[in-house]
Amino acid sequence: MNHLSLPKVELHRHLEGSLRLETLIELAAQHGRSLPSTTVAGLRDHAQVLKPMGSLQEVLDAFVLFQDAFRSLDAVERLTFEAVEDAALDGVRLLELRFSPGFMAEPAGLDWDQMMLRVVRGVERAQEQYDIVVGLIAIVSRSLGPRSARDTVAFTLNWRAHIVGFDLADAEEAYPASDFATEMGQLFAIDMPITVHSGENVGPEHIRTSVDILNARRIGHGVSIVRDPTLVERFIEQGLALEMCPTSNLRTRAVDRLEDHPAAQLLGQGACVTLNSDDPGLFDITLSGELALAQERLGFTDEMIVASTRHAIEASFVPDAQKEEVREALRGFLGP
Ligand SMILES: [Zn+2]
């Protein structure tokens with residue numbers, strides 16, 4: 001299968017993890033910020049996670065370099081434009097792009113609403129050039145604390161016309177789901193779809209809680225679900241989706257080997273499994289590359305790649321009318 005020309009759907013991609021190193025270097029110069037290296041080759045070792053991590057700190061250190069690029073509103077618009085452009089050039093036809101306003105605004109104290117206007121503008125500019133459906137997802141970073149969670153929920157309510165879903169991310173073990181239930185309940189009450197980073201490096205009981213307490217319709221990663229067959233059954237019955245990210249799951253040590261990744265097994269059982277890149281800039285990957293990897297190392301067949309793409313279209317939070325052109329593109333690719 002030609003993975004590049006397959007019309008693809010990405011449900012799990014972080015804007016803050018989608019930056020080009022060339023742009024990181026240019027922006028650092030513009031903003032008067034220093035970097036560990038000013039060449040792409042030199043920066044690679046500091047800003048990217050290219051092998052299974054020794055410690056979580058390595059990943060966090062790399063992420064801080066990406067975060068520091070968001071120092072002006074012009075940078076926000078440019079970085080958003082480029083993230084959508086890179087997806088489009090990789091043949092992604094439906095992109096859900098997520099970002100944490102608290103995390104992005106932190107380095108320069110940017111105003112969240114001003115920032116959002118520029119994110120929206122960056123998406124629109126990319127859509128003037130490329131044929132791509134984009135849905136934005138707002139993220140609460142668990143580790144930024146309850147104040148940031150409250151602010152992000154209020155922000156999401158305020159910008160609901162431009163936001164298709166809501167996500168809870170990072171440090172799952174340290175911050176129980178119950179800490180966020182009341183705030184996120186406000187979003188559930190207005191039918192804002194919810195996805196939660198869950199069961200990545202912790203057990204399946206966390207995934208169960210994310211569904212029970214936070215009303216998640218989709219789970220980011222969810223690798224440990226395979227250890228709880230009754231939970232897998234429930235996901236199949238209720239059509240709950242898994243946003244799995246092979247390279248990310250290997251490099252953050254959610255799996256020891258790609259061959260141990262449960263995506264193919266779960267898809268074969270009938271679960272709504274989707275394949276995603278998570279952070280293409282941080283990991284130096286593309287979604288096309290992840291699909292090829294799934295075939296080379298995870299046991300996916302051509303039919304399974306197509307099935308996971310169909311699952312991703314149906315599990316997407318974008319309005320149904322916008323999905324039809326993506327279904328049509330996939331039909332066109334597959335032929336009569
Ligand atoms: Zn993620």
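Two residues are in contact if their C-beta atoms, placed from the backbone, lie within 7 Å. The model is predicted: local features need pLDDT of at least 70 and side-chain atom pairs count only at pLDDT 80 or more, while totals for chains, interfaces and linings use all residues. Residues are numbered from 1 along each chain as its sequence is written.

**Exercise 1. The whole chain**

Task: State what share of the contacts in the chain between residues at least 6 apart in sequence joins residues at least 24 apart, and decide whether the radius of gyration agrees or disagrees with a compact globule.

Solution.
1. Among the contacts between residues at least 6 apart in sequence, 74% join residues at least 24 apart.
2. The radius of gyration is taken over C-alpha atoms, and the globule rule is 2.2 Å times the number of residues to the power 0.38.
3. For 336 residues the rule gives a radius near 20 Å; the chain has 19 Å, so the two agree.
4. Along the principal axes, the C-alpha atoms fill a box of roughly 55 × 45 × 45 Å.

**Exercise 2. Buried or exposed**

Task: Classify Gly332 and Val64 as buried or exposed.

Solution.
1. A residue is buried if 20 or more other C-beta atoms lie within 10 Å of its own, exposed if 12 or fewer, and partly exposed in between; the C-beta atoms are placed from the backbone.
2. Helices (H or I, at least four residues) and strands (E, at least two) are DSSP runs, numbered from the N terminus.
3. Gly332 belongs to helix α16 (residues 320-334). Gly332 has 9 C-beta neighbours inside 10 Å and therefore counts as exposed.
4. Val64 is part of helix α3 (residues 56-67). Because 12 other C-beta atoms lie within 10 Å, Val64 is exposed.
5. For the chain, 50% of the 336 residues count as buried.

**Exercise 3. The sheet**

Task: Give the strand order of the open sheet and find its edge strands.

Solution.
1. Two strands pair if DSSP finds at least two bridges between them.
2. The open sheet has eight strands in the order β1-β2-β3-β4-β5-β6-β7-β8, with parallel pairing.
3. β1 (8-14) and β8 (272-275) are the edge strands, since each pairs on one side only.
4. From one strand to the next, the twist averages 25°.
5. β1 pairs with strand β2 (residues 92-99) in the parallel sense over five bridges. Lys8 has Val92 of β2 as its bridge partner.
6. Strand β6 (residues 218-221) and β7 are joined by three bridges, in the parallel sense. Ile219 has Leu242 of β7 as its bridge partner.
7. In a regular strand the side chains alternate between the two faces of the sheet. In strand β7 (residues 241-244), Ala241 and Glu243 point one way, Leu242 and Met244 the other way, and all are buried.

**Exercise 4. Two helices**

Task: Describe how helix α7 and helix α8 pack.

Solution.
1. Axes are lines fitted to C-alpha atoms, for helices over the stretch in contact, and angles run from 0 to 180 degrees between N-to-C directions.
2. Helix α7 (residues 145-158) and helix α8 (residues 181-189) have axes 9 Å apart, at an angle of about 10°.
3. Angles under 35 degrees count as roughly parallel, over 145 as roughly antiparallel, 65 to 115 as roughly perpendicular and the rest as oblique. α7 is therefore roughly parallel to α8.
4. From α7, the contact uses Ala149, Arg150, Val153, Thr156 and Leu157; from α8, Glu183, Met184, Gln186 and Leu187.
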